[in-house]
Amino acid sequence: MARTDRLMRLMDALRRLPAPVTAERLADETGVSRRQLYRDIATLRAGGALIDGEAGVGYRLTEDPALPPQSFSQLEIEALVLAVGDLSRTGDAALEAAGRSALARIIATLADRQARQAMHTVLRSFRTPADREPPTVDMALLRQACWEELALNVRYRDLKGRVTEREVWPLGISYSDRALMVLVWCCLRQDWRVFHASGIETACLSGGSFRPRRVGLLREYAARFSGAGGDVKG
């Protein structure tokens, strides 16, 4: 693991876990040995992070200078907590974990009163999981391909059982109660297609890039299909 990523994970753990956090727990969370953890704690302290505690006692992040002070209204705090709690309905564990991590970073920068409000919000999401067939494709790969505008070779089985193999440019991912959909530009058909993520049997990077076409294609798609209900063939 790269040093920068390791230190970021350590800061995330210090923000997220109830203090004081033992060295053993922090080492498990960051995937390093205790000896390496102690070195990383020293590195963060040298960089200006105020971390109280010591080996055998536990650690507490008392101030995080990496983020500027933030202020939110009570309703904004409620909205953030509610939105992150609702991520469990996506069925994407990595996305849910990322939401919790981001929320922990935000709370770490709040004033004490607002941080207490975030810990005791009134609004909660207890909706049942979506009735959606889970995808077999690696969602992390789909996200990476969208973000970095990388072409994919996919094997896709449509709702009628027909299987095709094609190169696509992934543009976006959308969630609903019944389906997880992937909007792509199909290089074979030279047109937009909407795939059910559960129908993507295999996917791998083709080695091609479509940068900087993604934003333009999304705008064209929105303009063309906004009045047609978004119906695009899979």
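**Figure 1. The largest nonpolar core of the predicted model.** This core has 18 residues, and L10, L14, L26, L37, L44, I51 and Y59 touch the most other members. The model shown here and in every view below is predicted. Four elements each give two or more residues to the core: α1 (3-16), α2 (23-30), α3 (34-46) and β2 (58-63). Helix α1 supplies the largest share, with five residues.

**Figure 2. L26 and its contacts.** L26 is one of the residues that touch the most other members of the largest core. Residues within four places of L26 in sequence are left aside here. Beyond them, L26 is in contact with L10, A13, L14, V21, L37 and Y59. Of these partners, L10, L14, L37 and Y59 are also listed among the residues with the most contacts to other core members. A second core is separate and holds 16 residues, including V137, L150, L152 and L180.

**Figure 3. The crossing of α1 and α3.** The axes of these two helices come within 10 Å. They cross at roughly 85°. Because angles of 65 to 115 degrees count as roughly perpendicular, α1 is roughly perpendicular to α3. On the α1 side, the contact is made by R3, R6, L7, L10 and M11. On the α3 side, Q36, L37, D40, I41, T43 and L44 take part. The residues of this contact divide into six nonpolar, two polar and three charged. L10, L37 and L44 belong to the largest nonpolar core too.

**Figure 4. Two cis peptide bonds.** One cis bond joins A19 and P20, with omega about -5°. P20 sits in the loop between α1 and α2. Another cis bond runs from R211 to P212, where omega is near 5°. P212 is placed in the loop between β7 and α8 (214-225).

**Figure 5. Two residues with positive phi.** Neither E149 nor Q190 is a glycine. E149 has a phi near 55°. E149 lies in the loop between α7 (139-148) and β3. Its relative accessibility is 9%, so E149 counts as buried. For Q190, phi is about 50°. Q190 belongs to the loop between β5 (180-186) and β6 (191-196). With a relative accessible area of 52%, Q190 is exposed.

**Figure 6. S209 in strand β7.** S209 is part of strand β7, which covers residues 200-209. Its relative accessibility is 49%, so S209 counts as partly exposed. Leaving out residues up to four places away in sequence, S209 touches E149 and A151. E149 is the buried loop residue with positive phi. T90 is 119 residues from S209 along the chain. The C-alpha atoms of S209 and T90 are separated by 28 Å.

**Figure 7. Confidence across the model.** The mean pLDDT of the protein is 86. A pLDDT of 70 or more is reached by 91% of its residues. Confidence is highest in strand β3 (residues 150-157), at a mean of 97. It is lowest in β2, at a mean of 82. Strand β2 also gives two or more residues to the largest core. Where pLDDT is low, the predicted coordinates should not be read in detail.

How values were computed: Residues are numbered from 1 along each chain as its sequence is written. This is a predicted model: local features need pLDDT of at least 70, side-chain atom pairs count only at pLDDT 80 or more; totals for chains, interfaces and linings use all residues. Side-chain values use heavy atoms; hydrogens and water are left out. A nonpolar core is a set of buried Ala, Val, Leu, Ile, Met, Phe, Trp, Tyr and Cys residues joined through side-chain atoms within 4.5 Å. Buried means under 20% relative accessible area, exposed over 50%, partly exposed in between (1.4 Å probe, protein chains only). Contact means heavy atoms within 4.5 Å. Axes are lines fitted to C-alpha atoms, for helices over the stretch in contact, and angles run from 0 to 180 degrees between N-to-C directions. Angles under 35 degrees count as roughly parallel, over 145 as roughly antiparallel, 65 to 115 as roughly perpendicular and the rest as oblique. Ala, Val, Leu, Ile, Met, Phe, Trp, Tyr, Cys and Pro count as nonpolar, Asp, Glu, Lys and Arg as charged, and the others, Gly among them, as polar. pLDDT is the predictor's confidence in each residue, from 0 to 100.
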